[in-house]
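Trainee: I'd like to go through how some helices pack in this one. Can we take it step by step?

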Amino acid sequence: MKFDKRQILKNVGSSWFALGVNVVVGIFLSPYILHRLGDTAFGLWILIFSATGYYGLFDLGIRSSIIRYVAKYSATDEPEELDRLANTALFTYCGIGLLTMTITLIASHYVNSIFRIPADFVGTARWLLLMVGTAVSLGFPLGMFGGILEGLQRFYLLNLTSTGSSLLRALLIVLALRHGRGLLTVAFITVSLPLLTGLVNAAAAFPLVRLRLGAKYVNWSSLRRIASYSGTTFLIIVAQRLRFKTDAAVIGAFVSAAAITYFTIGSRLVDYASDMVSSLAQIFVPLSTQSHAKGDLEGLRKILIVGNRACAYIVFPITAVFTILGKSIIEAWVGPKYVATSYPILLVLLYPMTLMLAQSASGRTLWGMAKHRTLAWVVLAEGVSNLVLSLILVRPYGIMGDAVGTAIPLVCSQIFFLPGHLCRLLRIKIWTYVYGAFMFPLALCIPLVAVL
């Protein structure tokens, strides 16, 4: 199989540029917002955004269906099927948006009963939840166009709008805080810009696919096709939320809003590493879709081994740097008082995430082949185990217990399931896979560790 290297380089290069901008903005903005708003307000910010992050469950895996079938129909030149897919997805997303808006209205009324929020922050929390929930509800139908661009492998267009949004968001937040504005103003800026980005993506997607909108293109066959593929993906979405989005809610419910800040500082650094690898790994879904549609088993093997090797080249050095220089990074980033608590959180989360990120091409290959059902059930079991262990350990051990509850199931799934499953599916020897994907990236880290 021959890949369009120029297209891949353009997509990956623009993804890393956009990610670099986002990381720089995040590194600058997080301590700036933290010190301007204080631990409690910043923790409330994290808590509400984490809670509304569960709205992503209502995507039901539809975006993954859009990406896969847009890639397929554009490759097979079936514009009518693409119109049916897009209109059916858009109609479904509009219904989901109405549902999430209803949930937001109810939850905002009872927000002080759901979380432990200081009395003087209850009104702020209510307005913050209304604001973020409304933006997420509107984002569902707008997000369809981003899925179309991904299916067409036009990641560079998405990255261009993302970069512009990040820079504008940083500028507006700094100006707002310097003029004495508070949490709600910062939140309004944060949630408004993704909506603007969605409108720009829609304008970019229309001429590329000559998309026709209308009720006549909504049909049951397209809905069944979307549901068949996205139902499995939905299980993975649920599991991902249980994996990585329950920490703030568990800590907020059993410890305090301020404690979320200390946990987030350690986990945020791991998130930056995850974003860097994910910006590369996203290209493997449409690539593996095309290979699978052509029956190209050798191409799928190449995507698996070369793709994971590329991911390992990125994440292994990051892990080495965070392990050796993590304390200094946290101190320089947010101040010395957070080092003692946040650095151990960083280490506990870092190594399991490294195992997962180094195999990022594996899951994407399964999605592209539409053979991700077994993965979905395994990851769901991992997510449930994560939540149960976190709830058990957070009471006696605080935020460290929550981190350990996240780490243990993740290590098990990444070592005992994922490598063997892919190797059996693609008929590759496990040693061939491990050697080809990870040996060279690991060897190249030895000089880096020695220098550090």
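Mentor: Sure, and handedness comes up, so here's the convention: a crossing is right-handed if the near helix is turned clockwise from the far one by less than a right angle, and left-handed if anticlockwise. Bear in mind that this is a predicted model.

Trainee: Okay, which hand does the crossing of α3 and α12 have?

Mentor: Take helix α12, residues 284–293: its axis and that of α3 come within 9 Å and cross at roughly 50°. The two helices are therefore oblique to each other. By the clockwise rule, the crossing of α3 and α12 is right-handed.

Trainee: How many charged residues are there in the contact of α3 with α12?

Mentor: From α3 come Ile 67, Arg 68 and Ala 71, and they meet Val 285, Pro 286, Thr 289 and His 292 in α12. By class, that contact has 4 nonpolar and 2 polar residues, and the charged count is 1.

Trainee: Now α3 and α9: are they oblique or parallel?

Mentor: Helix α3 covers residues 62–76 and helix α9 residues 220–244; their axes come within 8 Å and cross at roughly 125°. Angles over 145 degrees count as roughly antiparallel and 65 to 115 as roughly perpendicular, with the rest, from 35 up, as oblique. That crossing angle makes α3, relative to α9, oblique.

Trainee: Which residues in α9 does α3 meet?

Mentor: The crossing of α3 and α9 is right-handed. On the α3 side, the contact uses Ile 62, Ser 64, Ser 65, Arg 68, Tyr 69 and Tyr 73. Their partners in α9 are Arg 225, Ile 226, Tyr 229, Ser 230 and Thr 233.

Trainee: Where is the kink in α13 centred?

Mentor: Start with the span: a straight helix of 38 residues would span 56 Å, but α13, residues 297–334, spans only 48 Å between its end C-alpha atoms. There is a kink of about 80° in α13. After the helix comes Gly 335, with a positive phi near 120°. As for the kink, its centre is Leu 325.

Trainee: How many nonpolar residues are in the contact of α13 with α18?

Mentor: The axes of α13 and α18 (residues 430–451) come within 8 Å and cross at roughly 30°, and the two helices are therefore roughly parallel to each other. The crossing of α13 and α18 is right-handed. Among the residues that meet are Leu 304, Phe 316 and Ile 324 in α13, and Tyr 433, Phe 440 and Leu 448 in α18. Sorted by class, the contact has 2 polar residues and 1 charged, while the nonpolar count is 19.

Key: Residues numbered from 1 in each chain as written. Predicted model: local features only at pLDDT ≥ 70, side-chain atom pairs only at ≥ 80, totals over all residues. Heavy atoms only, no water. Helix = DSSP H or I, 4+ residues; strand = E, 2+ residues; numbered from the N terminus. Expected span 1.5 Å × (residues − 1). Bend = angle between axes of the 7 residues up to and from the residue. Axes fitted to C-alpha atoms, helices over the stretch in contact; angles between N-to-C directions. Contact = heavy atoms within 4.5 Å. Nonpolar A, V, L, I, M, F, W, Y, C, P; charged D, E, K, R; others polar.
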